[in-house]
Amino acid sequence: MTFACRSCSGTRLSPVIDLGRTPLANALLRADQLDVPEPRYPLNTVMCEECSLVQITETVPPETLFSDYVYFSSFSETVVTSAKALAERLARERGLSASSLVMEAASNDGYLLQHYQALGVPVLGVEPAANIAAEANKRGIPTRCAFFGRAEAQRLAAEGQCDVFHANNVLAHVADLNGFVAGIKTVLKPGGVASIEAPYLRDLIEKVEFDTIYHEHLCYFSATALDRLLARHELVLAGIERIPIHGGSLRIFAAHAGTPQSAAVKDILREEAALGLTRPRYYADFAARVMKLRDDLLSLLRKLKAEGRSLAAYGASAKGATLLNYFGIDGSLLDFVADRSTVKQGKFTPGSHLPIVPPEELAARKPDYVLLLTWNFATEILAQQQPFRDAGGKFILPVPEVRVV
Ligand code: ZN
């Protein structure tokens, strides 16, 4: 069967990068699973020449991807701080009160909605991972365990539409992209606004953030692709901001048809056309730039290893899994990976099989160099690890170019 674009169903697709067959990036292993062959899935990225959406061609069933989802937003200070600022700003700008409603799709443990609740604004989370939805409810954030989409939106709207709808880092994950956006149209009050955050394709390409490509991320958005997707559902790309989170993201504001587009939206759409994001040529040298990064990083790690240095990694993240697997880095180069998440500790990274240990192990085992796999939280992690660095420990940042700090 020919692959059809997830947004416009177009079939004229051009290659961006093919990362081969890899295990699922969040499929951490227990010790007793290390000898069992891991399921691998194709990770091929293409661009739709009709609507310019960049996407992967494989859809792993969400049940497989999310059943034991291990990323808790609240574990990252950067995410929580940014969520608080956004909630306070929208509550003020939109004049939200006790009679308003804020919804969030993929609301996680309530990391964002908790800030509206603190302001007295009613909230409702929709979170597909059962363990995380339960955690949110336990924390007092009303949360339904469901996948947000066309059908769930009908049920939600029947009970009451929302003034503000949030979808942070979820749009890229949904297999039924059009159903999700149609759902936003359904749950949004007239005059309501949907705030959507997604990693920005332009940052991915310019900063060689190829490791943000993994099976959970089906789509990689430009403003152009979003504009066309929203318009199909009688929504307007009304506002847009570039924000630094996750290596560079877009925060867009969608509203019902008839709402004017801001000057910033018009500027970014013009910029993307001028840069060529809408044409295959823009992506032509991306794979070669990733190979250059691989050569640079591998030669550095091998050189340090040959000099007798001890090497480890920080951040058992999904992007780390992509990088380790595509670059072929495993226990022959790195001794372990440190991570703050207690859910991950004691497990092993998919494919590369590195043991995951608490960050305290850095101070205890004193590796000479630590490869920072969660480079999107570099500022936060480097600050947390200041004592380790003061004691002589060095970090290696892998993108956009290999750097030792
Ligand atoms: Zn398309």
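Helix 10 and helix 11 are roughly perpendicular to each other, because their packing angle of about 80° falls in the range of 65 to 115 degrees that counts as such. Keep in mind as you look around that this is a predicted model. Besides this helix pair, the briefing visits a zinc site with four cysteine donors, some of the 26 salt bridges, a second helix pair made of helix 8 and helix 9, and the buried residue Ser195.

**Helix 10 and helix 11**

- Helix 10 covers residues 286-306 and helix 11 covers residues 318-327, and their axes lie 11 Å apart.
- On the helix 10 side, the residues that meet helix 11 are Val290, Met291, Leu293, Arg294, Leu297 and Leu298.
- Their counterparts in helix 11 are Leu323, Tyr326 and Phe327.
- Helix 11 is largely enclosed by the rest of the structure, because nine of its 10 residues are buried.
- Among those buried residues are Ala318, Lys319, Gly320 and Ala321, and Leu323, Tyr326 and Phe327 from the contact with helix 10 are buried too.
- The cover over the buried residues of helix 11 includes strand 1, helix 10 and strand 15 (369-372).
- Just after helix 11 comes Gly328, with a positive phi near 70°.

**The zinc site**

- Four cysteines coordinate the zinc ion through their SG atoms: Cys5, Cys8, Cys48 and Cys51, at 2.3 to 2.4 Å.
- The arrangement is tetrahedral, because the angles subtended by the four donor atoms run from 101 to 115° and so stay between the limits of 85 and 135 degrees.
- For comparison, the ideal angle for four tetrahedral donors is 109.5 degrees.
- Along the sequence, the donors follow the spacing C-x2-C-x39-C-x2-C.
- Cys8 and Cys51 link distant parts of the chain, as they sit 43 residues apart.
- Cys8 belongs to the segment before strand 1 (13-22), whereas Cys51 is in the loop between strand 2 (41-48) and strand 3 (54-56).
- Cys8 is partly exposed, with a relative accessible area of 27%, while Cys51 is buried at 3%.

**Salt bridges**

- Side chains of opposite charge can pair when their charged atoms come close.
- The model holds 26 salt bridges, and three of them are picked out here, starting with Asp109 and Arg139.
- Asp109 and Arg139 have their closest N and O atoms 3.6 Å apart.
- Asp109 lies in the loop between strand 4 (102-105) and helix 3 (113-118), and Arg139 in the loop between helix 4 (130-138) and strand 6 (143-144), so this bridge ties together parts that are 30 residues apart in sequence.
- Asp109 is buried, at 4% relative accessibility, whereas Arg139 is partly exposed at 36%.
- Within helix 4, Lys138 and Glu135 are three residues apart, about one turn of the helix, and they form a salt bridge with the closest N and O atoms at 3.6 Å.
- Lys138 is exposed, with a relative accessible area of 69%, and Glu135 is partly exposed at 28%.
- Arg202 and Glu271 meet in a salt bridge of 2.6 Å, N to O.
- Arg202 is in helix 7 (residues 201-206) and Glu271 is in helix 9 (residues 263-275), so the pair joins parts that are 69 residues apart in sequence.
- Arg202 counts as buried at 14% relative accessibility, while Glu271 is partly exposed at 33%.
- Arg89, Glu93, Glu197, Glu241 and Arg251 are joined into one network by salt bridges that share partners.

**Helix 8 and helix 9**

- The axes of helix 8 (residues 223-231) and helix 9 come within 9 Å and cross at roughly 120°.
- Helix 8 and helix 9 are therefore oblique to each other.
- Ala223, Thr224 and Asp227 from helix 8 meet Ile268, Leu269 and Glu272 from helix 9.

**Ser195 in strand 8**

- Ser195 is part of strand 8, which spans residues 188-199.
- Ser195 is buried, with a relative accessible area of 0%.
- Leaving aside residues up to four places away in sequence, Ser195 touches Leu86, Leu90, Phe165, His166, Ala167, Asn168, Arg251, Ile252 and Phe253.
- One of these contacts, Arg251, also belongs to the salt-bridge network described above.

Methods. Residues numbered from 1 in each chain as written. Heavy atoms only, no water. Donors = N, O, S within 2.8 Å, 3.2 Å for Na, K, Ca; no water. Tetrahedral: all angles 85-135°; square planar, octahedral: opposite > 155°, others 65-115°. Helix = DSSP H or I, 4+ residues; strand = E, 2+ residues; numbered from the N terminus. Buried < 20%, exposed > 50% of the residue type's maximum accessible area, 1.4 Å probe, protein only. Salt bridge = Lys/Arg side-chain N within 4 Å of Asp/Glu carboxyl O. Axes fitted to C-alpha atoms, helices over the stretch in contact; angles between N-to-C directions. Parallel < 35°, antiparallel > 145°, perpendicular 65-115°, else oblique. Contact = heavy atoms within 4.5 Å.
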